[in-house]
Amino acid sequence: MSLERDPHGKSQHEAGAKLDDGKNRLGLVLNGFAHALVEVGKVGTYGANKYSPNGWKEVPDGINRYTDAMLRHYFAEIDGPIDDESGLQHAAQICWNSLARLGLMLMARAASWPVEQRPTPTTQAKKVIPKKSNGTNWA
């Protein structure tokens, strides 16, 4: 028996039924914040050109460093909405850094590694048995 339900009460085999009640509605984010996400995309493009595409995934101690960057932009916004170096909005920089933090946290959790011991793609060839977490990881 399925636990999925149609939000309009239709039975599973009734015409027009869609068993998506309670499921994640990503369209609310993607469509609702389309303009904001375009600005965040500009930050990602700027960073990829300045450093390397997706290089953020291999930054040592990335969660803490992107937390610091996020907070620097948060407080810099007090002096104005635009970042002097990039010409981009601090709010978009805050969002990008927050997404980088979250991405690293989720990758660490998915890999079941404490963040401080998480292998990067370049070191993943080494087999290392992770120690028990001391409670400081963010995952």
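Where is the place of lysine 10? I began my notebook with that small puzzle, and I found lysine 10 in the segment before H1. A reminder to myself before going on: this is a predicted model.

**Entry: the overall layout**

I stepped back to see the whole protein. I looked up its secondary structure and found four helices and zero strands. Following the sequence, I wrote the pattern down as α-α-α-α. The protein has 139 residues, and 24% of them count as buried. I also looked up the surface: the protein exposes about 10,300 Å², and carbon and sulfur atoms supply 57% of that area. For contacts between residues at least 6 apart in sequence, I noted that 46% join residues at least 24 apart.

**Entry: lysine 10 and its surroundings**

Back to lysine 10, this time to see what it touches. Setting aside neighbours within four places in sequence, I found lysine 10 in contact with Ala15, Gly16 and Ala17. With alanine 15 there is a polar detail too: the backbone oxygen of alanine 15 lies 3.4 Å from a polar atom of the lysine 10 side chain. Lysine 10 also forms a salt bridge with glutamate 14, where the closest N and O atoms are 3.9 Å apart. That pair counts because the cut-off for a salt bridge is within 4 Å.

Is either partner buried or exposed, or something in between? I noted lysine 10 as partly exposed, since its relative accessible area is 30%. Glutamate 14 is partly exposed as well, at 39% relative accessibility.

**Entry: the other salt bridges I looked up**

How many salt bridges does the count come to? I wrote down five. Besides the one at lysine 10, I followed two more.

Arginine 5 and aspartate 21 meet through their side chains in a salt bridge, 2.5 Å from N to O. This pair links distant parts of the chain, 16 residues apart, with arginine 5 and aspartate 21 each in the segment before H1. I checked how open each one is. Arginine 5 counts as exposed because its relative accessibility is 54%, while aspartate 21 is partly exposed, with a relative accessible area of 33%.

Lysine 50 and glutamate 85 also meet in a salt bridge, at 2.4 Å from N to O. Here too the pair links distant parts of the chain: lysine 50 sits in helix H2, glutamate 85 in the loop between helix H3 (62-76) and helix H4 (90-110), and 35 residues separate them. Lysine 50 is partly exposed, with a relative accessible area of 40%. Glutamate 85, at 53%, is exposed.

**Entry: a nonpolar patch on the surface**

Next I looked for nonpolar side chains on the outside. Leu26, Val29, Leu30, Phe33 and Leu37 form a nonpolar patch on the surface, and together they have about 470 Å² of accessible area. Which helix gives the most to the patch? I found that helix H1 (residues 26-32) does, with three residues. I looked up phenylalanine 33 separately and placed it in the loop between H1 and helix H2 (34-50).

**Entry: helix H4 and what covers it**

I then turned to H4, which has 21 residues. From its first C-alpha to its last, H4 reaches 30 Å, close to the 30 Å expected at 1.5 Å a residue. I listed its buried residues, among them His90, Gln93, Ile94, Asn97, Arg101 and Leu104. What covers the buried residues of H4 includes H2 and H3. After H4 comes serine 112, and I noted that its phi is positive, near 55°.

**Entry: histidine 73, on the H3 side**

Since H3 is part of that cover, I picked out histidine 73, which is found in helix H3. Is histidine 73 buried or exposed? It counts as buried because its relative accessibility is 14%, and the cut-off for buried is under 20%. Not counting residues up to four places away in sequence, histidine 73 touches Asp83, His90, Gln93, Ile94 and Asn97. I was pleased to meet His90, Gln93, Ile94 and Asn97 again, as they are among the buried residues of H4.

**Entry: isoleucine 78, in the loop**

My last stop was isoleucine 78, in the loop between H3 and H4. Isoleucine 78 counts as exposed, at 66% relative accessibility. I also looked up how far its C-alpha atom is from that of histidine 90: the two are separated by 9.6 Å, with their positions 12 residues apart along the chain.

Technical notes. Residues are numbered from 1 along each chain as its sequence is written. This is a predicted model: local features need pLDDT of at least 70, side-chain atom pairs count only at pLDDT 80 or more; totals for chains, interfaces and linings use all residues. Side-chain values use heavy atoms; hydrogens and water are left out. Patches are made of residues with over 30% relative accessible area and no salt bridge: like charges are joined within 9 Å, nonpolar side chains (Val, Leu, Ile, Met, Phe, Trp, Tyr) within 5 Å. Accessible areas come from the Shrake-Rupley method with a 1.4 Å probe; for residues, only the protein chains shown count as cover. Helices (H or I, at least four residues) and strands (E, at least two) are DSSP runs, numbered from the N terminus. Buried means under 20% relative accessible area, exposed over 50%, partly exposed in between (1.4 Å probe, protein chains only). Contact means heavy atoms within 4.5 Å. A polar contact is a pair of N or O atoms within 3.5 Å; within protein, one must be able to donate a hydrogen and the other to accept it, and residues adjacent in sequence count only if both atoms are side-chain atoms. The expected span of a helix is 1.5 Å times one less than its number of residues.
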